[in-house]
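Please open the structure in your viewer and keep the selection tool at hand. The tour below proceeds from stop to stop, stating what to select and what is found there.

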Amino acid sequence: MKKIYALMLALLLATGTLFASGGQEGAAADDQGGEEKVKVGFVYIGPAGDFGWTYAHEQGRLYLEQQLPWVETVTVESVPEGDAVRFIDRMVQQQKCDVIFTTSFGYMDDTVQAAEKYPDTTFFHCSGFKRAPNLGTYMGDMYQIYYLNGLISGAMTETDKIGYVAAFPIPELFRHMNAFGLGIKEVNPAATVNVKWTYAWYGPDKAREAAEALVSEQCDVLGFTEDTPTVIEVAQEHMEKGDRVFALSHYSPMEAYGEDATITGQLTDWGVIYEQVMNDYKAGKTADLTNYDLLWLMKENAVELGASWDEKINPKYVDDLKNKMIDHAEFGNISVYDLVMKRYDQ
Amino acid sequence: MLEIITSILVRTVVAGTPLLLGTMGEVISERAGILNLGVEGMMSLGAATGFIVTFTTGNPWLGLMAATIAGALISVIHAFVTVSLRANQVVSGLALTMLGLGLSGLWGKPYIGRPLTTKMHAIKIPVLSDIPVIGKVLFYQDPYFYLSVALGILVWFLMKHTKVGITVRSVGENPKAAETLGINVARVKYLCVMAGGAFAGMAGAHLSTAYSKSWIEGMTSGRGWIVIALTIFALWEPARAFVGAYVFGGIFVIQYVLQPLGISPNLLAMLPYVTTLGVLLFYGMSKSGKRKMSAPATLGEPYIRGSR
Amino acid sequence: MTVTILPREKTSALFNVLTLLGSLLAGLVAVGIVFLLKGINPFFAIGEIFIASFGSAFGFQETLTKAIPLILIGAGLALAYRAKFWNIGAESQLLLGAVFATWVGLKLGPGLPAWAILPLMFLAGFIGGGLWGLIPAIFKVRFGINEVISTLMLNYIAAEFVKYLVVGPWKGETKYGYPYTDDLPDQAILQHLGSTRISVLMLIIAVSAALILAFLVYRTRFGYEIRVIGENPEAGRYAGINFFRTSLIMMFISGGVAGLAGVGELSSIHHHLSYPDTISAGYGFTAIIVAWLGRLNPGFSILSGLFFAGIIVGGDAIQMSMGLPATTVNVFNGLILIFLIAGDFLLNHKVRFQRRVL
Amino acid sequence: MKRIEKLEMKGICKSFVGVRANRNVDLTIEKGDILGLLGENGAGKTTLMNILYGLYMPDEGQVHVNGQPLHLKSPKDSMKAGIGMIHQHFMLIQKHTVLENIALGYADAPFFFPQKYMRKRIEEYSRKFGLEVDPDKKIWELSAGEQQRVEILKALLRNADLLIMDEPTSVLTPLEADELFEILRKMIKEGHSVILISHKLEEIISICNRVMVMRKGEVTGAAEIKDVTKVDLARMMIGREISASYEKADIRPGEPVLEISSLSVNSDQGLPIVKNITMTVSRNEILGIAGVSGNGQRELVEAVTGLRRSEEGTVSLQGREVTNKSARTIHNLGINHVPEERIKFGTVANLQLFENSVLKKHHEKPFSKNMLMNYPLIKNHTDSIIEKFHVDAASINVPVKNLSGGNIQKLILGREIASEPSLLIAAHPTYGLDVGAAEYIRKELISARDRGGAVLLVSEDLEELFQVCDRIAVMFEGKIMGIVDPSNCDIDEIGLMMAGTSFEGKGETN
């Protein structure tokens, strides 16, 4: 009886395979008839709608498709780190991608491996530091914006306590927090920053509790690195209850989640980066990527100050900032608003 | 200091709300002798349904209703498989979890990250909410809190002081005795499993429309499993479920409050699970505890009518 | 009309297999209906899954890669379920295996002769998973604590423990502050077959572990005793079987095998310890169905493990080509499992529909 | 509500697969009667009562109440007709309070606070019948007697005019039994009637006003209590000529194999159930233990085989003390055991025949060696058992659950005898078997004895004991009332011992 069972189970697998190979032709037919298009694959760490990191990349991808009609894209989301290889395999072998962007630091080793395995495909890895002839890196870094946010936060706090909800203790975050702290100190030397770790890039429930804990510790300005607008919502709820709690938007324009609570924030426009990379690709500048590292900052407009693309600072609080005068070592007595704008222009 | 305590309590009650709803449901189901490990899946489906309906209709109450119905409907699968087909309840529950997570992921995909325009706002109960500490904790919360408390008390009352309660409990303890006294055991079991599903659906709707106000795959993040542990923690008593849900809600909240003390946040995050095991161990160590921990006598066993 | 249900006295092997195939088919039909409701051509979607996993060389490589942990854990779970011990904690037993192996590879590694590192890692991984499996066994046998709950709680505890390690004491010095341990030394890494991600050694270990466990269940005294106490604990008492000892050994093995899967994932795929959900992509849960589809015969988990690995891998394809979310695979798993247990009912019962005669 | 003045069962026949449980049974009971229903286990008393209670449908025959025919399809119907039954195993929910148990399914109780309403009713009935019980206690906190009172209350509150009680005193202490009888008498005064299933002569004489005796599904006698004596009843119950013994080799018993001295064992409830028993079983000897079941036989066997702790006394096997040793140790010393509940203990239903054929011996050579099972050899062994013991099975590769009860029993017996144990303990080995199978098993027991084994046979079937045993010990309330030689003994004597009369003089024969 067992033997029959084993046999049948094997048969089942075999039929699956047969079925599979039978269907292959149909799928293959789709790929033909393509024009002179460049196919680009995006590997995302989170869900494309997370309203944070992955969302920003997704917006960039859409911008890319819109700007460069010769680009065709395919995406795969929520790919766990360490498991990117098989998705890349599929992108190269089945989807016939020419260029692949892997958008998380954790994909670094997998991307390196894949680049070795597929020398004819061009890879770009976000935020990493390993490169190869067909593997370049790119990043839009926001430490400048964090500094500006720090200036504003330092001015807006009344309790001299600023909260920060942080996802994972990784270098990028420390860099941002340091820049943020620098800005705060410049404006308000008495202010301190309280940090809560959530250990989740995507963790609305955790971010909520962390933010609430910060509020209970009397923090009245909340910054965060987490891929949802949760912290903004928390601040907004407190605002509605009559408390005074502000928040800084992160990565995407989140002002809609807290029109009263959001002062400003950090925005990244991956679109311009992707456009640049693909133009370089088209122009044949990417034959050897060993030294290709696109680290774009504010001046390239890859990152922006603001909680929405239209306004750098929530107009409700522009006056507050204009009225907040401080003594500054460099500029003397200056309003924080002017300080921010001066620094911004630098 | 008082403010921190108030805040902890306020958050505790909020974090405990989905746990309370879920636990009430599981208590009902297990009291009728059906172990339903599918809470995580039913909750997830409830969260997705609640969000989608709230998002499209703009009415969070419709979302709640839809989530409740969705939870009850998917639980029918479990009831059918375990009551009518007498299948293993553990395996069926796990299957339900997978199915619920899968379906909610599939249907909820277009809604990931979309902001909810209409929210349930906190209701401030006049006068009472001005009492220091307690006012903020108990009388200035979102409607789900009041709903969960009301339903919790209702379940407690039904279980303890009505015929329905006696019937449900008897079906879980001794279905044969119930059957000889003219009770349709299978029907009671079906209804109880569905009630459990409905509660889990509500708990899910709370997460997606009141707590987080957004939908994402896996947003229940293990609360369904905590609910199952809480059911044992509560010794299948609705009144104790209140204690359990808020204790666990509190543990969830307090992790973040304790972070400045320098304890690793990861070790703090173990607290709810370690506490569960600790409590069970505490019960298991003593004889009287073991007796208390004894589940409804026929929990997990299929009941075959007319068997001798 | 009345429905009478009677226990079926005799079941033929053929009937057994037909029920199983029927259940799978019904499961697929149900999945198809779900797709249809979502506005997706079910034939295309389901076809795509099988094409992607079994229909191409690179897909099949990946299927084999994913099958390794599923076979191992599925076989171990089959053993536990034989004894009616509902071990839901394979996920954390895998993690503990990886943790112990990391400790050997990373902390002891430099002081060990090169040839000894891998064997010691496997040994440590087995012990790690096994010890983690012992906890719920002791909890159950000594304190009467339901194993479903304890294994689930231990899953979360182990996951947080691994996070603690990788951001805390074991944080790698060469990882620029990212939450990974350092990479394992070269001697501790399992080589892949060509450009695939298949470690031949792991594949051999997985298949032979499944066969050994099948041998254990069906040919040894221990396996006999496990089946007796699983089927009828009273008869086990009558037969003088030591319940405590047998349960403990059984869970040590079941957890240990999951621990081996952890060593494999660590040493062959990741090369360092990182977040728990990176180390195991839910293998511990998928393996529950693997064990079940294999009719709790550890040997059959080789085939059923391959089948579900195919579904996982095929899931990627429909994710990419149809934009479906990753959890779609869960719909597959859930529905197939439901139909499998429903099929068991048909296997064991006759259902007769009779018109009521007045 | 019309009360039951007179209830009649006429020509009741009921068969289960192959067994005729009731053959043409008539029964009449009138208002105010306490009818004793007497008979051995398996005589068909319980079947008859289950028919009356609507649990079984009779194949033939009718039930009339006050002259009107009554159709009983389920307990609901019989309850409506005023019939209540209290099973030997109480249908109570242990974790619930008395109130909740009585309120369960009680139609008149209000939806809200049913306990409050029930409390009033219970108090009313308690006073009326002297049924004292604390309504707020949980069932598990109550003694067996109190639990029984809850059951009686439950029945009375549901308007039971006729109360059927299945062996009500088997779980009671003597004092509790007296209290029960007091309650029953009160009920009679209130116009109720009672049917009492029992095999205790004493209590039938003391409480009943009428008696009906059954044997093998038939009524063997009915009388007014005032017209009969205990001995009459015993004869009616056992009441037949013992057919000839099986042929036995004429061997004198050899050296003692099992020596039990002053053994005391507790029941599951923690009460003493085996009290200070001393006895010996020797080589070439079958010692029978007679007695109505529930008098400690089962606990005695479990204590000897290592499945139950003994509180006092010693058990020795071939001179070695094995008191409270593990089941495996005792088995390894040469005790084989045919358990009472063969499906529950003796086999594993889902395992195959050949796997079951070595249960309990699976760890011994040659069946297993170096931790491996020698399945080819086990299969051969199974084949030989099947052949030798005429087990009717499609194949040795089918699950045991596919076998009939008799064949399972033959398999177990074959398994336990085949290894030539020094002591075989067989509990009710022929219970529920057809005549042929039973005869075959008896012969096997004798041949085991003839080959030099010692056999301890626990049975309720006196005929069987007389046919195969060399000596018969009679157990009553955990004590040995006497040990007799079947070839030289009066059946009335045994009947009386079974009913609790101690016999001096005869005692041990060797």
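**A hairpin in chain D**

Select strands S14 and S15 of chain D: the two pair in the antiparallel sense over 2 bridges. The model on display is a predicted one. Within this pairing, select Leu317(D), whose bridge partner in S15(D) is Arg320(D). Next, select Gln318(D), which belongs to the hairpin of S14(D) and S15(D). This hairpin has 2 residues between the strands, and Gln318(D) takes a positive phi near 45°.

Keep S14(D), residues 310-317, selected and add strand S11(D), residues 256-266. These strands run antiparallel and are joined by 6 bridges. To see one partnership, select Ile260(D) together with Val315(D), its bridge partner in S14(D).

**A buried pair in chain D**

Remain in chain D and select Arg471(D) and Glu285(D). These residues form a salt bridge, with their closest N and O atoms 2.5 Å apart. Arg471(D) lies in strand S21 (residues 471-476) and Glu285(D) in strand S13 (residues 285-290), so the salt bridge ties together parts of chain D that are 186 residues apart in sequence. Are the two residues buried or exposed? Both Arg471(D) and Glu285(D) are buried.

**From chain B to chain A**

Now select Lys213(B) and Glu237(A), whose side chains meet in a salt bridge at 2.7 Å, N to O. Lys213(B) is located in the loop between helix H9 (185-211) and helix H10 (223-233) of chain B, while Glu237(A) is part of helix H8 (residues 230-240) of chain A; the pair therefore joins two chains. Lys213(B) has 5% relative accessibility and counts as buried, whereas Glu237(A), at 23%, is partly exposed.

Extend the selection to Arg208(A) and Glu233(A). Together with Glu237(A) and Lys213(B), these residues are linked in a network of salt bridges.

**Two helices of chain A**

For the last stop, select Asp89(A) and Lys117(A), which form a salt bridge with the closest N and O atoms 3.0 Å apart. Asp89(A) sits in helix H3 (residues 84-93) and Lys117(A) in helix H4 (residues 108-117) of chain A, so this pair ties together parts that are 28 residues apart in sequence. With a relative accessibility of 3%, Asp89(A) counts as buried; Lys117(A) is partly exposed, its relative accessible area being 25%.

How many salt bridges are there over all chains? The count comes to 52.

Technical notes. Residues numbered from 1 in each chain as written. Chains lettered and ligands numbered in written order. Predicted model: local features only at pLDDT ≥ 70, side-chain atom pairs only at ≥ 80, totals over all residues. Heavy atoms only, no water. Salt bridge = Lys/Arg side-chain N within 4 Å of Asp/Glu carboxyl O. Helix = DSSP H or I, 4+ residues; strand = E, 2+ residues; numbered from the N terminus. Buried < 20%, exposed > 50% of the residue type's maximum accessible area, 1.4 Å probe, protein only. Pairing = 2+ DSSP bridges.
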